[in-house]
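Student: Could you take a close look at one part of this structure with me, namely one of its chains, and then show me how that part relates to what surrounds it? I would like a connected explanation that I can follow while looking at the model.

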Amino acid sequence: MTSSTTSPMAVAPNRATRADGWIGRTVVQVLIGIGLLALVLAVVYPLLWMVFSSFKNNSELFANPWSLPGEMRWGNFERAWNAGVVRFFVNSTLVTAGSIVTTTLISAWAAYGLVRVKVPFSNAITGILLGGLMVAPTVALVPLFGLLQRLHIYDSLWALLVLYTAFRIPFTTFLIRAYLIDMPREMDEAAYVDGATRTQIFWRLVLPVCRPILVSAALLQALFAWNEFAFALVFISDSDRKTLPVGLMDMQSRLLTEWPVQFAGLTMAALPMIVLFLIGQRQFLRGLTEGMGK
Amino acid sequence: MSTRSRITALIAVSAAGALAACGAPGTAAKTTASANLTSSAATKSGTLTIVTKFADPKYAPYFEKVAADYESANSGVKVDLQQVGDQPYKDKIRVLSASKQLPDIYFSWAGDFANKFVRAGLAADLTSVMGPDTEWGKSFSPAALKAFEYDGKSYGVPINLDAKYMAYNTAIFSKVGVAKPANLEDLIAACGKFKSAGYTPIAFGNQYGWPAIHYITQLNAMDVPQATRDADYNPATGAFTDAGYAAALDQFKQISEACFDSGSNGLSHETAQANFLAGKAAMHFLESVEFSVLTAKGGAPAELADNWDFFRLPPTASAAGDKGALTGAPDGFMVNSGSKNAALAVDFLKFMTSKANGAEMTKSIGWLSSVQGTATAENSFPQLEAALKDISSANSFAIWLDTVTNADVANAYLSGVQGILDGSQSPADVMKSVQDAAAKAKKSVS
Amino acid sequence: MASRMTRIRGLIWLLPALVLLGVFVYYPIVENVRLSFYSWNAFSPKPVFVGFDNYATAASDPIFWRSLRNNIAYAVVSLVFQVGCSLCLAAVLEEFVHQRLRGILRVIYFIPAVISITVAGILFSFIYNPQFGLLNRLLGAVGLEQWQHSWLGERSTAIWSIIGMSQWQSIGYTAVLFVVAIQRIPRELYEAARVDGAGAVRQFFSVTIPMVREMTTLLIILTVAGAFLVFNEVMVMTAGGPSDSSQVLGTWLYRNAFLADDMGYASAIATVIFVLTFGFAILQIMIGRRRRVEM
C-alpha cells in the first residue's frame, strides 16, 4: 500500500497551493495515483477472474488462467444452479430480511424504553445489554444445541432468525440509543401533552425521525446475517434449508474438481449483491454512515 | 416495594423459563434392542430418512435411482434421501447424533467409527436378519460382513467392497524402463527414475489428511503383527508401543521424499488424480471404488484409459507384520436403533443389496458390490475383475486407520502425518502424540 | 409527570429484548461454563464430571496456544491494515482526489465487503491454488518463481494467507467509514494548521488523527473483537489445517465439539474466548470513558 505520503512538499489540487516544489507535487500525485490504481486492480481483478473462470472448462483454467474464456459455457451456470445455489440464496434472503425486521424493531423498542420512557433499573438494563455485546456466537454453539431442540426449532430457519436477532440486539440497541439521545425531547413532550400515548409517539413520531439510524442498523444487520456462518453450519441440517455461506461450502465439497462450476456458483452468489450495491450505492453508503457518523 | 417485587417476579419468570429448558448434556437414549426388524409385505408405508456421504455427482445418481425404484415398487413409502460430501459427513453425523436427530438409515465407515454408534446404543442390532446363518447374510462376501461386526453381532449392512491399490500408467513405466516393484525399496528406487525422466512419480494430494492415512494403514498392516494391531486399534487397550508403527512412519517419510511433489498438503486428492489422468504422473494410490474414473467410460483420456494397471503397495523386504494384508473396508449403512421405521429400513437395505441392484452398482458406477456373484464380464471392466479376485485372495483386511481407531488417535495421526509431509514433525514426534491420544482414549472409554 | 406505574409499564418496551438476550445469549454463557466441567460427547451415555480437567487440557494443549496466537496475529494485522492503512487511504482520498473520482473509488473499494465472506474465502482459496491460482501465476509472470508457495497447504503461510484475504475484504469498508468521519472535521482546523506552516503529513497527524478518535475507537473494538471471533474464513479456506497450523479459537472449538467427540473441552475453549473478548471490551470501554467517548 502506498497511501502514506512522504514528501512534505505535497499539496492537494483543490486547496491553497504553495508556489514552489511543483516537481515534488507531481511526483507525489503520480505515486498516489499509481497506488490507488494498484488498489483498484487488487480489488477488481480477483472478481473479474472469478467471472471469467466460470465460463472456462478445467483444462482451459489450468492452461490460461489470465485469458478470457474461449467460449461462453453457460452450462456451468446451469450445473451450479442445479447444485442448489438459488435455494441457498433464497434461504439467506429470507433469514436476512426477517432478522432485519425483528432486530430493528425490538432494538428500537428497547432504545425507546431506555431513553424516553424513564424505566426503573435503566442502568442495570443498559449493563445487561452491554454485556450481551461481548458474547461470541461460537461460544454459544454447544449449549444452544440442546436448547434449540427443546424449543423444537432446531433445523429450521426460525432458529437462525431468533439467533440472529438475539445476538444483534445489543449492538443495534446501542446504535439507536445513541441517536435517540441526541434527539430533542421537546417534540415528544409536546405530543404527550396533546394526549398522545407512548405507543403513538413511538410509531408516528420517533420512528420516522430515526429513519437514518434505522437504515444504518438495517444495513449492518443485513451484512451480519448474510455472512453468518457458525450458527447456520451447526443448526441447519437439511440441505433444502441451508443458507448461502454453508451451502457454498457444501457445494465446494461436492463439486470437488469441477472448478469452473464452482466459479459459476460463486459468481451467481456474488453478482446479485454487487449489482444491488452498485445500483443503490449512494443510499447504501449514506445510510451506513449517516447514523454511525454521529 | 411492590414494584420492585414485580420486577423481580418478571426476571424470575424469564429465568425460570430459561432454566426449564435446561437439562443434562448429551444423554443418549438406551437401545431399545427389541426393535422389530421384520415387516410383513402388507405394512410397507411411511417415510424413510437416509443420510449418505455420496453427494459426488459420479456416485449420487445410483443411490437416487435405488430410492426412486423402491418408492415406485412400494407406493406407500416415501424415501427422504440426503447426500452430503465425504468430509462434511464427518461432522454432520456427529451433530445429528448429539441432537438426537439421526435418520432411520445412516452411512458409517467400518471400525471404531461404527463401533462408537454401537456403544452409544444408536445402532440397531441386525444379527437376527443378517447374521451369517441367515439367507440375507449368506449373500454377502464374508469379509464384508465381518467388517461391521462388534462383539459377535452384526450392526451394519455393507454395500460395497473397497481396497486401496497403486494404479500405474503402463505406458510411462515401459517408456522409462521400470518394472512393477516387488518391494518398497524397489518402489522408491523407481521413483528416482521417474523424477529424472520428468514425471511426478506418485500423484498425491493430502488436503484433508486421509490420503496419507491410507498409506499408513497399509504400512502399519505390513510392519506390525495383526494381534498387536487389533489390541492397539481397540480404544480400551490401545498403546501403540510396537516399533513397527514408527517404522511405518519412517517408510512413509521415505516414500514422500522420493515420490511425491512438494506442497502435497495443499493439494486435494482429486487434483492429484487429475494430474495422473493427464499423464503427468506415473502412479496414483487410490481405492478400487475410484477405478471407474480411470476408464474411458468414466471420462479418462484414452492415453491413460488404455494403459493402466495396479498393484498393492509392496512391503519392505524385512516387514514384521502381515505382508499379505490389504488396506480396504466396505462402506456400510446402519439402522438407527431409535427409529420407528426399523423394519422398513431393513427392507430398504435388503432391496439395495439385492443381486440385481448389486449388479447395477457395478455397471453404473463401477463399484464392486458386497453381494457375491454380482460382478461379471458384462457389467465390469478387466481391472475391476482383477481387483475382485485380488480382494478375495487377501489374507486379511486393514481398515482405514482414521476410522478403525478412536477419534482422538485418528486425529493425532491425521495431523501428525501432515507434519511429516511438510517436515515439521518427525516420526518420533508423531508416535508420541499418538500414544498420548491412545492414553486419553483409554480413559474416556473405560 | 410519568407516574411510577407508567414507568413500570414502560418496561414492556424492553421485554422482548431482555427475554431474547436472556434465553439465547446469557443462558449459553452460563451453561457453557457448567458444561466445561464435564466430559461428554454425542456418543457418551452419561456426562462425567471432571472438574477443571478441560481447562488443564487447554493449558497444556499446544494447538490451543497456537490458535490463540493466530487470533492475536489476526488482531494485530487487522489493526494495522483495517485501522491504520485504512485511515491513510481515507485521508488520501479526501485530500488528493477529485470529488467525482473519490466517489467512484469509494464504491470500488467497498465492493469486496458486500460479497459474502464465504464467497471471498472460496475465491481466494482458488487464487491461492498452487497450480492454476492467480497468485502463483502472477509471481511466475514477473519472474519470482522462488516465492511461489502452496499458500494454504504450508504451515508457515496458511494462516497469513487467510489473514490477507480478510484485509482485502475489509479495507474498503473501514476506509469508507473513516472518510465519513474525516468529512465531519471542520475545515478551519486544516486552515489553521496550514497557516502555522504544517504540510500535508503534519496536518494528518495533528488534525485528522485526533479528530477521528471516536470512529477509530469504534473500529478498534470491532476489529479486535472480530479477530477473536473469526470462524467463517478459516473454516472455508483450510478448516484449521494443515496439521492444525491455521486453527483459531473458534475453529478449534468446533473441531473438538464436532470432530473429536469432546464437547466438554469445546465448552472450556468457548469460556476462554468469552473471557478474552469480554475482558477486552471492558478494557476498551474503560479507556474510552476516560477519553469521554460515547457509544
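Tutor: The predictor's confidence in each residue is called pLDDT, and it runs from 0 to 100. This is a predicted model, and for chain B, the part I suggest we examine, the mean pLDDT is 85, with 90% of the residues of chain B reaching 70 or more. The beginning of the chain needs separate treatment, since over residues 1-34 of chain B the pLDDT stays under 50, although the model has 40 contacts beyond four places in sequence for this stretch. Where pLDDT is low, the predicted coordinates should not be read in detail.

With that caution in mind, we can turn to how chain B is divided. The domain assignment gives domain 1 of chain B as 41-161 + 330-389 and domain 2 of chain B as 164-327 + 406-445. The C-alpha centres of these two domains of chain B lie 27 Å apart, and the contact between them takes 11 residues from domain 1 and 13 residues from domain 2. On the side of domain 1 that touches domain 2, helix 17 (residues 382-392) of chain B supplies the largest share, with 3 residues. By class, that same side of domain 1 of chain B has 6 nonpolar, 4 polar and 1 charged residues.

Now let us look closely at a single helix, helix 16 of chain B, which covers residues 355-365. Its buried residues are Asn357(B), Gly358(B), Met361(B) and Thr362(B). An α-helix has 3.6 residues a turn, so residues three or four places apart point the same way. In helix 16 of chain B, the buried residues cover an arc of only 145 degrees around the axis, and therefore they lie on the same side of the helix. What do these buried residues of helix 16 of chain B pack against? Their partners, within chain B, are helix 2 (60-73), strand 7 (160-161), helix 15 (342-352) and strand 14 (368-369). After helix 16 of chain B comes Gly366(B), which has a positive phi, near 75 degrees.

From inside chain B we can move outwards to its neighbour, chain A. Here 22 residues of chain B are in contact with 18 residues of chain A. Helix 3 (86-98) and helix 13 (269-277) of chain B each supply at least two residues of the side that touches chain A, and helix 3 of chain B gives the most, with 6 residues. The residues on this side of chain B divide into 10 nonpolar, 8 polar and 4 charged.

It helps to set this beside another contact made by chain A, in which 78 residues of chain A are in contact with 76 residues of chain C. Helix 1 (residues 22-53) of chain A gives the most to the side of chain A that touches chain C, with 11 residues, and that side has 62 nonpolar, 15 polar and 1 charged residues.

Finally, chain B also has a place in the largest nonpolar core, which holds 334 residues. Ile216(B) and Tyr413(B) are among the members that touch the most other members, a group that also includes Tyr112(A), Leu160(A), Phe178(C) and Ile269(C). The largest share of this core, 15 residues, comes from helix 7 (residues 157-181) of chain A.

Note on methods: Residues are numbered from 1 along each chain as its sequence is written. Chains are lettered from A and ligands numbered from 1 in the order in which they are written. This is a predicted model: local features need pLDDT of at least 70, side-chain atom pairs count only at pLDDT 80 or more; totals for chains, interfaces and linings use all residues. Two residues are in contact if their C-beta atoms, placed from the backbone, lie within 7 Å. Helices (H or I, at least four residues) and strands (E, at least two) are DSSP runs, numbered from the N terminus. Ala, Val, Leu, Ile, Met, Phe, Trp, Tyr, Cys and Pro count as nonpolar, Asp, Glu, Lys and Arg as charged, and the others, Gly among them, as polar. Domain bounds come from an automatic or database domain assignment. A nonpolar core is a set of buried Ala, Val, Leu, Ile, Met, Phe, Trp, Tyr and Cys residues joined through C-beta atoms within 7 Å. A residue is buried if 20 or more other C-beta atoms lie within 10 Å of its own, exposed if 12 or fewer, and partly exposed in between; C-beta atoms are placed from the backbone. The arc is that of the directions from the helix axis to the C-beta atoms.
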